[in-house]
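Okay, thanks for coming, everyone. I'd like to walk through one model today, so let me put it on the screen.

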Amino acid sequence: MTRTEEDKDRIIASQRELIESQREQIALLEKKVDHLIRIIYGSKSEKLDPAQLELLLDPDAAKKPCAADGEEDAPAADNTEELKSELKPVRERKPREPRLPANLPTVEEVIIPDEVRANPGDYRRIGQRTSERLDVEPGRYTRRLIIRPTYVKKNEAIPSIHTAPLPPTVLEGSILTPSLLAHIVTGKYCDHLPLYRQEQIMSRRHGINIPRNTMSHWMEVGADLLQPLWKLLVSDLRKSSYVKADETPIDYLSPGHGSTRKGYLWLYQNPAHNTIVYDWQTGRDSSCLAAILGNADEKDTFRGILQSDGHGAYNKWSGDNEGITQSGCWTHARRKFYDNLEEDPLLAAKILRLIQQLYRIEEKYKDSAPEVRKYYRRRQSRPITKRLHHLITKVKNKHLPKSGLGGAAAYALNQWSKLIVYLHHGEVHIDNNSVERGVRPTKIGIKNWLFIGGEETGWRSAVLYTMVENCRILGKDPYAYLKWVFEKLLTTTNKDDLHKLLPAAWVRTATQENAAAA
């Protein structure tokens with residue numbers, strides 16, 4: 001073979017390698033484009049019917065889960081039949097709540113036929129037909145004038161003037177009241193109405209003209225009042241033994257730049273008390289966690305189980321502080337396999353089905369004591385996780401790291417020691433979903449108000465979101481709580497126990513008062 005022919009063969013070989021590399025890259029890009037199209041136009045739900053998974057598996061695999069993968073994939077003897085019987089769980093229907101509450105003010109309208117009205121003596125009433133309608137009156141504002149008469153005592157050589165002191169007020173020299181402040185805060189942070197829309201509604205419907213910049217100042221007044229309660233929730237969070245954490249990007253206005261920058265609302269949940277805390281930070285590194293959970297040299301630094309996704313800041317902070325056990329989130333791991341199901345339907349479906357079994361076990365024992373959950377997790381869930389590890393390792397070996405499924409497998413295996421922590425702690429949840437639900441209200445709000453203000457004002461949103469969302473978690477109206485707590489804070493001193501003013505304490509007090517009245 002001549003030198004020219006050798007050069008040609010070398011060029012052809014290199015071209016083939018280049019073509020093959022480009023072909024793989026094009027395939028990966030096409031998968032990414034398909035994934036983005038599903039995100040934009042497809043269903044947002046990640047629910048999969050068990051029957052859908054069975055259709056992706058071969059007939060033998062549908063009859064006996066994962067038997068085709070060898071003995072490691074065979075279900076454990078003590079829970080195989082139980083899990084099969086749960087393949088299509090029967091869900092009980094929740095009783096339908098009445099559309100109208102029993103204590104709703106009622107106005108009765110009696111309509112008498114014209115012929116009866118003309119000659120009532122000729123008719124005898126034998127019954128009635130009742131129809132129900134619902135009327136509404138738009139929100140009503142009331143101007144309250146506080147009149148304090150001035151008196152002078154009679155027959156005094158030097159008359160002394162007597163005027164009653166002005167009751168405590170939210171803001172000196174302002175028309176602001178606890179009810180108005182609660183109304184505006186609820187409008188923005190619960191109903192997602194930007195201040196400019198509230199300004200327009202007040203002006204158009206009621207002829208009340210309050211500029212949005214005034215309302216913005218009132219938000220700071222409300223946050224200042226509630227900040228001691230927010231700090232109390234942070235203190236309780238640090239004292240707990242189990243915390244969930246997550247973060248979400250929020251744009252803020254950068255002064256002098258005329259544009260927005262990206263900040264973050266950090267969310268922390270205390271599952272033991274069912275409370276949530278929001279914190280505002282302009283970054284996403286481990287120092288942001290230290291602002292709430294504490295530093296290693298602080299006495300009240302959080303020590304316990306920290307559950308989160310795979311973001312590196314959680315690893316960094318946990319590594320810098322002793323006594324921290326990290327727990328992972330199965331929802332995040334599952335989502336990556338779900339998003340790339342088409343790459344390898346058979347293998348991905350097996351993984352999704354096993355994860356589905358883990359969740360069925362959690363659903364079955366969710367109301368049990370932690371020790372009971374721990375027992376059944378180690379007996380039923382642990383064998384399933386072993387089979388999952390085997391299948392996910394197979395995916396990693398089969399698919400390129402840059403592919404969707406390859407990345408999903410790498411993420412799950414990197415997080416594996418954290419994903420199985422819940423097996424050994426009955427109080428720990430299988431995922432981080434409960435704290436992630438706290439992200440949803442902020443995303444709805446972003447569509448309306450776009451950004452939260454300046455860098456120095458982000459803390460206000462964190463404090464106000466914290467109090468509003470804790471009311472929503474308890475299933476109560478934030479306005480009722482905020483009005484009550486603003487009134488209480490006007491007469492509260494530093495010596496008072498602020499725990500009595502938290503949303504959970506307010507609910508307990510209201511429940512006791514209702515029971516006593518009944």
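Let me start with a question: which residue forms a salt bridge with Arg23? The partner is Glu20, and the closest N and O atoms are 3.4 Å apart. By salt bridge I mean a side-chain nitrogen of Lys or Arg within 4 Å of a carboxyl oxygen of Asp or Glu. Arg23 and Glu20 are 3 residues apart in helix H1, residues 3-41, so about one helical turn separates them. The general point is that an α-helix has 3.6 residues a turn, so residues three or four places apart point the same way. Glu20 counts as partly exposed because its relative accessibility is 38%. On that scale, buried means under 20% relative accessible area, exposed means over 50%, and partly exposed is in between, with a 1.4 Å probe and protein chains only.

Quick housekeeping before I go on. This is a predicted model, so local features need pLDDT of at least 70 and side-chain atom pairs count only at pLDDT 80 or more, while totals for chains, interfaces and linings use all residues. Residues are numbered from 1 along each chain as its sequence is written, and side-chain values use heavy atoms, with hydrogens and water left out. Helices (H or I, at least four residues) and strands (E, at least two) are DSSP runs, numbered from the N terminus.

How confident is the predictor? pLDDT is its confidence in each residue, from 0 to 100; the mean for the protein is 86, and 87% of residues reach 70 or more. The stretch to watch is residues 65-88, where pLDDT stays under 50. The model does have 42 contacts beyond four places in sequence for that stretch, a contact being heavy atoms within 4.5 Å. Still, where pLDDT is low, the predicted coordinates should not be read in detail.

Back to the salt bridges. Searching the whole structure turns up 11 of them. Glu220 and Arg460 make one, at 3.6 Å from N to O. That pair ties together distant parts of the chain, 240 residues apart: Glu220 sits in helix H8 and Arg460 in helix H18, residues 458-473. Glu220 is partly exposed, at 33% relative accessibility, whereas Arg460 is buried, at 11%.

Another one joins Glu362 and Arg377, with the closest N and O atoms 2.7 Å apart. Here the link runs from helix H12 to helix H13 (residues 370-398), and the two residues are 15 apart along the chain. Both of them are buried.

Since we're at H12, residues 345-364: how far apart are its end C-alpha atoms? They are 28 Å apart, which agrees with the 28 Å its 20 residues should span at 1.5 Å a residue. The expected span, by the way, is 1.5 Å times one less than the number of residues. H12 has 15 of its 20 residues buried, so the rest of the structure largely encloses this helix.

Now the cores. A nonpolar core is a set of buried Ala, Val, Leu, Ile, Met, Phe, Trp, Tyr and Cys residues joined through side-chain atoms within 4.5 Å. The largest has 68 residues, and those with the most contacts inside it include Leu226, Leu293 and Leu482. Helix H8, residues 212-239, gives the most to this core, with 12 residues. A second, separate core has 32 residues, among them Ile355 and Leu388. As for Leu226, beyond its neighbours within four places in sequence, its contacts include Val463, Met467, Leu482 and Phe486.

Leu293 takes us to helix H9, residues 286-293, where 6 of the 8 residues are buried. Cys288 and Leu293 are among the buried ones. Right after H9 comes Gly294, with a positive phi near 100°.

Cys288 also touches Gln281, whose other contacts beyond four places in sequence include Tyr264 and Trp266. Gln281 lies in strand S5, residues 275-281, and counts as buried because its relative accessibility is 19%. Its side chain makes a 2.9 Å polar contact with that of Asp279. A polar contact is a pair of N or O atoms within 3.5 Å; within protein, one must be able to donate a hydrogen and the other to accept it, and residues adjacent in sequence count only if both atoms are side-chain atoms.

Last stop: Gln415, in the loop between helices H14 (404-414) and H15. Gln415 is buried, at 6% relative accessible area, and it touches Asp309 and Gly310. Ser417, in H15, is exposed at 52%.

Technical notes: pLDDT = per-residue confidence, 0-100.
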